[in-house]
Amino acid sequence: MQTPSAFDPQDFLNTVPHKPGVYRMLGKNEEILYVGKAKDLKNRVASYFRSKVANARIHAMVQQIQRVEVTITRTEAEALLLESNLIKQHSPHYNIRLKDGKGYPYIYISKHEYPRIQFYRGSRKEPGQYFGPYPSSGAVSQTLYLMKRLFKARQCEDSYFANRSRPCLEYQIKRCSAPCVGLIAQDEYADSIRHAVQFLQGHTQTAIDELVVKMEQSAAALNFEKAAEQRDLIESLRHISQQQYVTGTSGNVDVVAIATEAGLASVQVFTIRHGHNLGNRNFFPELPDDEIKTDEILASFLAQYYLNHEVPGEVLVSELPAEQAVLEDMLTLKQERKVVIRQPQRGERTKWVEMATRNAEQSLHMQLASKAGMRQRLFALQAALGLATPPARMECFDISHTMGEATVASCVVFGMEGPVKAEYRRYNIKGIQAGDDYAAMHQALTRRFRRGTEQEGKLPDILFIDGGSGQVAQALKVLESLAISKLTVVGVAKGEGRKPGLETLIIENNTQRLNLPEHSPALHLVQQIRDEAHRFAITGHRARRQKARTQSALEEIVGLGAKRRQLLLKQFGGLRAIERASVEELTKVPSISLALAQKIYDKFNGDR
């Protein structure tokens, strides 16, 4: 066996051609250390043995090389495909690795007198209809649950179906229409399957239009129970369609976004088929070190991900991957049709990428917020604020209202392991001038800490206030009036343009101001606590505002007459569904223009 010193790079390089291909770095016991591809093998491999290498990772790898193998290919795209297969097969230590061994699952509707709807993965040989692919088995399970609830189609095995003499539990809980024992006519069951197919194909509006007509017919025939069922189904379809629908697309698209922080990478993949978002899945690629650029991580991820997944005609990305053209050629070669990778700059597609990016960032923050990550951030916060020990209890207050209406203050609590939701509190603010945030904060803090002192309740180590110097001053007044000391008060003032990462921490009464770096774990913890307080406040405010309003909100919208209100309520099945609808969903209703739809949307979503 050769030793590292016995390997002569120059002798080896004399045998390497100037052609595209794949190279494998082998170490002790023939372990594959690294697999790479190159447009020019000789130049690429030679770069590893220069006096100056790119970084410490490459230097450490080169010291272990005992042998190098090369495979020549016809094109660089073929080399990339081979490289991805080898990385998946051998999982070299110095490569970015993706753990993902399964293909996409589908939903299958059998070709049967009473068709069955089921989960399916594998070759599509059986006669029937296949819908998907879906990004994960969880996405299929969720959709199948919806299908049972909405259309009551059977999901049992054919052998079980053929031997039933009475309805099963699924019928009892209204998740199946019991075609096995003839409790539903075949033509009515066929209608349910047709509506299910329309839903899976993205033609939900067609199904809704049919159901609206049937609902009116049932009502005219005085079959009010059936009309109520159809109304509920319309409302459910509207709600689900609003959650899944992605406007302005045709064909199949994947949306891939990446977020990196603290040596971790989070990649989010959204699967869009026939205008519907079939779901998303998150990945955490294994990185050999934190010096790798995000475009390189994304390129490696895409190459490995699409080895076992269907490649759509278009892949939208949050940033362009390294060697984009080669990657496109590789995917085109694999799929045998043109594949385009692009980073959208305008229009609806940018919204999809933004959605995927937000999810990637959220998943990354959740990963960092694990127990180990939480302790790391607590220690960072302790150092940033100069505390003697890590904070064991932190509380944050925020105020929410709409033009002074239905003001609500929130108090969220975080401990050593994250949110303590059982101790969250909301305070309905009364008796102050509308819109006076200072008075609202003073009232909420007084109620919280007066109760705490009277009942010897828990006091936080840090009190965060969502706001600037004025709000911090109110907190200090309340604590002083209640003789509470040894409690650190920190205001979280928004930065320019409310951009995350630019927050200023106001310590006590302007005695100190901190601007922590964007990558600071302490800042990430403060942002998480502040955002949770804001979410909790807005949720309470919306509930209080809705309860306070006795007049129909639709009647307050200028330009929305009685006939249009009636049409909206019919199409959506009720006011609650209208409140949840997007602008795009509202414009589908006849006579509702884009401008009017925007007014309706703003009426229910115009919170501070």
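**Entry 1: the small sheet**

I started with three strands that form an open sheet in the order S5-S4-S6, with antiparallel pairing. I'm working from a predicted model here. Which strands stand at the edges? Strand S5 (117–120) and strand S6 (128–131) do; each has a single partner strand, so one side of each is left without a neighbour in the sheet. I noted the twist too: it averages 30° from one strand to the next. Then I looked at how S4 meets S6, and found four bridges joining this antiparallel pair. For a specific register point, I wrote down that Ile-109 stands opposite Gln-129 in S6.

**Entry 2: the cores**

Ile-109 came up again when I looked up the largest nonpolar core, which has 28 residues. Ile-109 is listed there among the residues with the most contacts inside the core, along with Ile-107, Ile-117, Met-147, Ile-193 and Leu-200. Which elements give two or more residues to this core? My list reads strand S4 (106–110), helix H5 (137–151), helix H8 (186–201), helix H9 (204–220) and helix H10 (224–244).

I picked Met-147 for a closer look. Leaving out residues up to four places away in sequence, Met-147 touches Ile-117, Ala-196, Phe-199 and Leu-200, and also Lys-152, Ala-153 and Gln-155. There is also a second, separate core of 26 residues, and I jotted down Ala-77, Ile-292, Tyr-305 and Leu-327 as being included in that one. A reminder to myself: in soluble globular proteins, nonpolar side chains tend to be buried together.

**Entry 3: S10 and its partners**

Next I went to S10, residues 314–317. Are its faces covered or open? Both are covered: Glu-314 and Leu-316 are buried on one side, Val-315 and Val-317 on the other. I noticed that a Glu is among these buried residues.

S10 pairs in the parallel sense with strand S7 (residues 252–261), over four bridges. In that neighbourhood Asp-254 stands opposite Val-315. S10 also pairs with strand S11 (residues 340–342), again in the parallel sense, over three bridges. The bridge partner of Leu-316 in S11 is Arg-342. I followed the chain from S10 through H12 to S11, and this β-α-β crossover is right-handed.

**Entry 4: Pro-321**

Along that path I stopped at Pro-321, in the loop between strand S10 and helix H12 (324–335). Is Pro-321 buried or exposed? Its relative accessible area is 5%, and the cut-off for buried is under 20%, so Pro-321 counts as buried. I then looked up what is in contact with Pro-321 beyond four places in sequence: Asp-295, Leu-298, Ala-299, Leu-302, Leu-327 and Ile-341. For Ile-341, I also took the C-alpha separation from Pro-321, which is 8.7 Å for residues 20 apart along the chain. Leu-327, another of these contacts, is the residue I had noted in the second core.

**Entry 5: Thr-504**

Thr-504 is in strand S18 (residues 504–507). Thr-504 counts as buried, because its relative accessibility is 16%. What does its side chain make a polar contact with? The partner is the side chain of Asn-515, at 2.8 Å. Asn-515 also appears among the residues Thr-504 touches, as do Gly-491, Val-492, Ala-493, Arg-513 and Leu-514, again leaving out residues up to four places away in sequence.

**Entry 6: whole-chain numbers**

Last, the totals. I get 21 helices and 19 strands for the protein. Of its 608 residues, 48% count as buried. Among contacts between residues at least 6 apart in sequence, 63% join residues at least 24 apart.

Notes
Residues are numbered from 1 along each chain as its sequence is written. This is a predicted model: local features need pLDDT of at least 70, side-chain atom pairs count only at pLDDT 80 or more; totals for chains, interfaces and linings use all residues. Side-chain values use heavy atoms; hydrogens and water are left out. A nonpolar core is a set of buried Ala, Val, Leu, Ile, Met, Phe, Trp, Tyr and Cys residues joined through side-chain atoms within 4.5 Å. Buried means under 20% relative accessible area, exposed over 50%, partly exposed in between (1.4 Å probe, protein chains only). Contact means heavy atoms within 4.5 Å. A polar contact is a pair of N or O atoms within 3.5 Å; within protein, one must be able to donate a hydrogen and the other to accept it, and residues adjacent in sequence count only if both atoms are side-chain atoms. Two strands pair if DSSP finds at least two bridges between them. Axes are lines fitted to C-alpha atoms, for helices over the stretch in contact, and angles run from 0 to 180 degrees between N-to-C directions. A crossover is right-handed if, with the strands pointing away from the viewer, the path from the first strand over the helix to the second runs clockwise.
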